Every structure is written in C-alpha cells, then in structure tokens.
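This report covers helix packing and strand pairing. The sequence and structure come before the details.

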Amino acid sequence: MKILLVDDDDVLCEALETLLHSAGYALDRCADGETGCYYALQNAYDCILLDRMLPRMDGLMVLQSIRAAGLMVPVLLLTALGRLEDRVNGLDTGADDYLVKPFEMEELLARIRALVRRPARIEEGERLKAGDLAYLPAGRKLFGPAGERILSKTEGLLWETLCRNAGQILPRELIYLRVWGPEAETEEQSVDNYIHFLRRRLRALESRCQIVTVRSVGYRLEAGE
C-alpha cells in the first residue's frame with residue numbers, strides 16, 4: 001500500500017518515514033502544499049497524510065483541490081490546530097479523519113488502518129484474496145495451490161495494486177504511478193517487466209489467476225474462479 005506524506009516538519013517526516021516503512025507501507029513525501037497537490041492529483045496513493053499549515057499552498061487548499069478533482073482517496077489531516085472549529089472545518093472541507101499534533105505513533109497507524117480497510121477484500125491477518133491466491137502484505141508472502149512465494153518489494157506493490165482492483169482494467173500509466181511514483185527514475189517499461197515476473201510467480205504457484213493484457217491500455221487481473 002502506498003501513502004503520500006505532505007508535511008514541512010523534517011524531524012517528524014523522518015520519524016514517520018521510518019515508522020511507515022517498518023509497518024510495510026511504501027511512502028512518498030514532500031514538504032510544500034503545491035508539490036503535495038501535484039502528487040495527490042496523480043491518483044497514485046491509497047492514503048494521504050496532510051499537514052494543514054504548509055508553505056506555498058495550505059493543507060485545506062490542497063484538500064479542496066483533491067476533492068474538486070473527484071478523488072476519494074482517504075485523507076488524514078495532521079495539524080497542531082486542535083480547536084473544535086478547526087477540526088470541524090477540516091472535516092467539512094473533505095478530510096476523512098483529523099489527528100492533532102503531537103500524537104502517538106501507534107494511534108497514527110491505527111487511524112491509517114481504519115481509513116484504508118476494505119472488508120470485502122481483506123481477510124483476517126490483513127490478507128488480500130484473489131481467486132485461489134492469498135497475499136500477506138506484511139511479509140510480502142503470496143500463497144497459492146502449490147505453496148508460497150516471497151515477492152520483492154516492487155512485485156508486492158504491483159500485486160497489491162492488481163489485487164485490490166481485480167476485474168478492472170488498469171492503465172499502464174496508473175500502475176506505474178501507484179507502484180513507482182511520479183518522481184521515479186525508472187522507465188514506464190518497468191511495468192511490463194514486472195508483470196512478466198508476476199506471471200512467472202503465478203505459474204509457479206499453479207494458480208488459475210491470470211494477468212490479462214488489454215492491448216494499448218494496460219492490464220487486468222482475472223481471479224479465475
């Protein structure tokens with residue numbers, strides 16, 4: 001799962017980056033609202049952690065831009081403004097949750113889990129299921145009829161993206177943004193290479209799931225049930 005962190009507090013960001021990586025999340029971070037808005041509008045994230053007081057463009061303006069673009073990505077506001085009217089204002093602007101600084105890291109992780117929880121696709125133990133396969137993001141373990149395989153970090157992000165959107169056509173550009181991010185130095189051809197790697201994993205696990213190529217568009221995961 002991929003998170004965008006928009007905050008200009010370097011000390012806090014370093015601590016959050018360590019925390020979120022240790023919890024198994026991929027992370028992009030930026031320190032001003034204008035850059036954060038650009039990143040957010042790429043629709044490449046499962047959750048956004050957004051400070052209210054930012055240089056160049058404040059957090060509420062970023063949030064308004066996200067919602068005006070029709071993006072429903074969960075947004076958790078992180079701010080020192082803890083008055084009732086501040087919280088109400090943030091939630092009315094389109095935030096899904098509000099956490100006042102300073103906060104406990106355990107609470108932040110719990111809030112993130114609550115925001116991104118998708119009961120229809122996540123089973124006990126945070127397992128993502130698709131057909132005869134189950135994926136455990138915490139250990140990047142993919143289980144199938146012929147046993148289990150441990151995926152690389154990039155394979156794991158790619159599989160999670162496909163799995164969470166099983167049956168839907170995902171454009172290559174969107175897959176690239178969600179897995180590698182808007183500032184990645186690799187080429188978009190990486191999508192095709194890693195699709196090839198995942199297909200080999202599925203064959204090794206003797207799965208009926210298939211990653212179907214949609215010509216000139218992208219890919220679709222078919223569960224094969």
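## Helices α1 and α5

α1 and α5 are oblique to each other, because their crossing angle falls outside the parallel, antiparallel and perpendicular ranges (under 35 degrees counts as roughly parallel, over 145 as roughly antiparallel, 65 to 115 as roughly perpendicular, and the rest as oblique). The axes of α1 (residues 10-22) and α5 (residues 105-116) cross at roughly 60 degrees and come within 11 Å. Axes are lines fitted to C-alpha atoms, for helices over the stretch in contact, and angles run from 0 to 180 degrees between N-to-C directions. The crossing of α1 and α5 is right-handed (the near helix is turned clockwise from the far one by less than a right angle; anticlockwise would be left-handed).

From α1, the contact uses L12, A15, L16, L19 and L20; from α5, it uses M105, L108, L109 and I112. Contact means heavy atoms within 4.5 Å. By class, the contact of α1 with α5 holds nine nonpolar, no polar and no charged residues. Ala, Val, Leu, Ile, Met, Phe, Trp, Tyr, Cys and Pro count as nonpolar, Asp, Glu, Lys and Arg as charged, and the others, Gly among them, as polar.

## Model and conventions

This is a predicted model: local features need pLDDT of at least 70, side-chain atom pairs count only at pLDDT 80 or more, and totals for chains, interfaces and linings use all residues. Residues are numbered from 1 along each chain as its sequence is written, and side-chain values use heavy atoms, with hydrogens and water left out.

Helices (H or I, at least four residues) and strands (E, at least two) are DSSP runs, numbered from the N terminus.

## The parallel sheet

Five strands form an open sheet in the order β2-β1-β3-β4-β5, with parallel pairing. Its edge strands are β2 and β5 (97-100), each pairing on one side only. From one strand to the next, the twist averages 20 degrees. α1 packs on this sheet and touches β1, β2, β3 and β4; the direction of α1 makes about 170 degrees with that of β2. Helix α2 (residues 33-40) lies across β1, β2 and β3, at about 160 degrees to β1.

β1 (residues 2-6) is mostly covered, with five of its five residues buried (under 20% relative accessible area, with over 50% exposed and partly exposed in between; 1.4 Å probe, protein chains only). K2, L4 and V6 point one way from β1, and I3 and L5 point the other way. β1 runs parallel to β2 (residues 26-30), joined by five bridges. V6 has C30 as its bridge partner in β2. Strands pair if DSSP finds at least two bridges between them. β3 (residues 47-51) and β4 (residues 75-79) pair in the parallel sense over four bridges. There, L50 is partnered by L77 in β4.

## The β12-β13 hairpin

β12 (residues 210-214) and β13 (residues 218-222) are antiparallel, pairing over five bridges. The bridge partner of T213 is Y219 in β13. The two strands form a hairpin with three residues between them. S216, in the turn, has a positive phi of about 65 degrees.

## Helices α6 and α7

The axes of α6 (residues 153-164) and α7 (residues 172-180) come within 9 Å and cross at roughly 130 degrees. That makes α6 oblique to α7. α6 passes α7 in a right-handed crossing.

T154, L157, L158, T161 and L162 in α6 meet I175, R178, V179 and W180 in α7. This contact has six nonpolar, two polar and one charged residues.
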